[in-house]
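Let's take a friendly walk through a protein model, one part at a time. Have the sequence and the 3D view ready as you read.

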2 protein chains.
Amino acid sequence: MNRISATLLLLLAFATTAYAAKAKSDTFKRNSDKGTELLFQLDVKVAADVAKEGRAGFFTHWAEDYVEFVDSGDIVSGEDMRKQQPWPQGALLTWTPIHAELAASGDLGYVYGTWIFIAKDKEGKDAVEYGKYTTIWKKQKDGQWKVASSIGNSSPTPKTDK
Amino acid sequence: MNRISATLLLLLAFATTAYAAKAKSDTFKRNSDKGTELLFQLDVKVAADVAKEGRAGFFTHWAEDYVEFVDSGDIVSGEDMRKQQPWPQGALLTWTPIHAELAASGDLGYVYGTWIFIAKDKEGKDAVEYGKYTTIWKKQKDGQWKVASSIGNSSPTPKTDK
């Protein structure tokens with residue numbers, strides 16, 4: 001894991017908690033059926049791997065035909081995504097699932113939620129970006145769950161209630 | 001339907017064709033199973049209604065618990081989306097599905113593709129924006145297909161091959 005400053009970790013913890021709480025309190029509640037639980041677990045497992053390994057933490061979770069809808073970019077295959085540069089030293093991406101649904105057949109599902117990305121800006125200050133995502137999960141022929149595609153976009157900086 | 005200038009229509013026709021052709025030739029091919037056909041038909045039906053009615057063309061296609069992931073905005077419920085202003089006079093949104101998958105149980109599916117939005121900029125010139133989207137479709141209890149959520153982001157202006 002990259003060395004991360006204590007300030008950055010604190011900032012991340014605060015931002016994640018505040019942002020996720022806001023998103024949940026807004027309109028959208030987690031539902032608690034088994035399909036949702038499974039998809040939330042998958043989603044959180046990816047987040048844990050990304051916390052440990054940065055961008056490379058995604059790779060093993062992508063289906064062979066994975067595509068990513070890069071914001072302000074193109075539709076990029078998993079193969080081409082793997083060739084991209086790692087994030088800058090100390091950058092962090094974290095996210096929180098809000099809602100998930102699994103098909104009755106248990107072979108296809110999706111998760112949406114909110115993400116936070118923290119990295120140093122050009123002046124070396126911690127800059128926080130906010131956004132949301134939708135990830136499509138598909139059970140593969142060998143029974144493993146993999147991400148078929150994911151897309152995200154940006155959100156405004158959440159207002160605090162103070 | 002709003003009155004639309006001939007220039008704008010020509011521009012739209014050109015942009016749509018060129019952009020969709022590029023996206024398809026890149027990596028991603030339409031597959032042709034029945035689930036995909038169904039989802040493409042649903043997707044194209046919404047596009048036809050939006051061509052006729054503008055933003056309001058979406059409304060009947062949204063599930064009761066529809067949510068939209070507004071780019072640079074929030075996660076917005078269908079109820080709140082309906083309250084938003086219509087697009088400016090003469091604005092056009094069109095899109096082309098590239099790929100769709102339906103769960104084996106036939107109750108949940110998704111479509112992704114590319115979109116083009118044309119509207120007058122502040123100087124009154126036609127401005128074209130490009131992007132991509134993922135739409136989640138869910139069969140409702142009454143058997144009707146409705147959009148559960150949709151998310152899009154922007155893409156760079158496609159390069160022509162000239």
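## A hairpin in chain A

Keep in mind that this is a predicted model. A good place to begin is strand 3 of chain A, which spans residues 92-102. Is this strand mostly covered or mostly open? Nine of its eleven residues are buried, so it counts as mostly covered.

Strand 3 of chain A pairs with strand 4 of chain A (residues 108-120), and the two are antiparallel, with ten bridges between them. Look for Leu102(A): its bridge partner in strand 4 of chain A is Gly109(A). Five residues sit between the two strands of this hairpin, and Gly106(A) has a positive phi near 70 degrees there.

## How the two copies are related

Now bring chain B into view. A turn of 180 degrees, with a shift of 0.0 Å along the axis, lays chain B on chain A with an RMSD of 0.0 Å. The two copies are therefore related as by a two-fold rotation axis. Which C-alpha of chain B is nearest the axis? That of Ser105(B), at 2.4 Å from it.

## Where the copies meet

Chain B brings 29 residues to the contact, and chain A brings 29 residues too. On the side of chain B that touches chain A, strands 1, 2, 4, 5 and 6 of chain B each give two or more residues. Strand 6 of chain B (145-155) provides the largest share, six residues. By type, this side of chain B divides into 13 nonpolar, eleven polar and five charged residues.

Why can we say that the copies meet through the same surface? Because 100% of the interface residues of chain B are also interface residues in chain A.

Note on methods: Residues numbered from 1 in each chain as written. Chains lettered and ligands numbered in written order. Predicted model: local features only at pLDDT ≥ 70, side-chain atom pairs only at ≥ 80, totals over all residues. Buried ≥ 20, exposed ≤ 12 C-beta atoms within 10 Å, placed from the backbone. Helix = DSSP H or I, 4+ residues; strand = E, 2+ residues; numbered from the N terminus. Pairing = 2+ DSSP bridges. Least-squares fit on C-alpha atoms with pLDDT ≥ 70 in both. Contact = placed C-beta atoms within 7 Å. Nonpolar A, V, L, I, M, F, W, Y, C, P; charged D, E, K, R; others polar.
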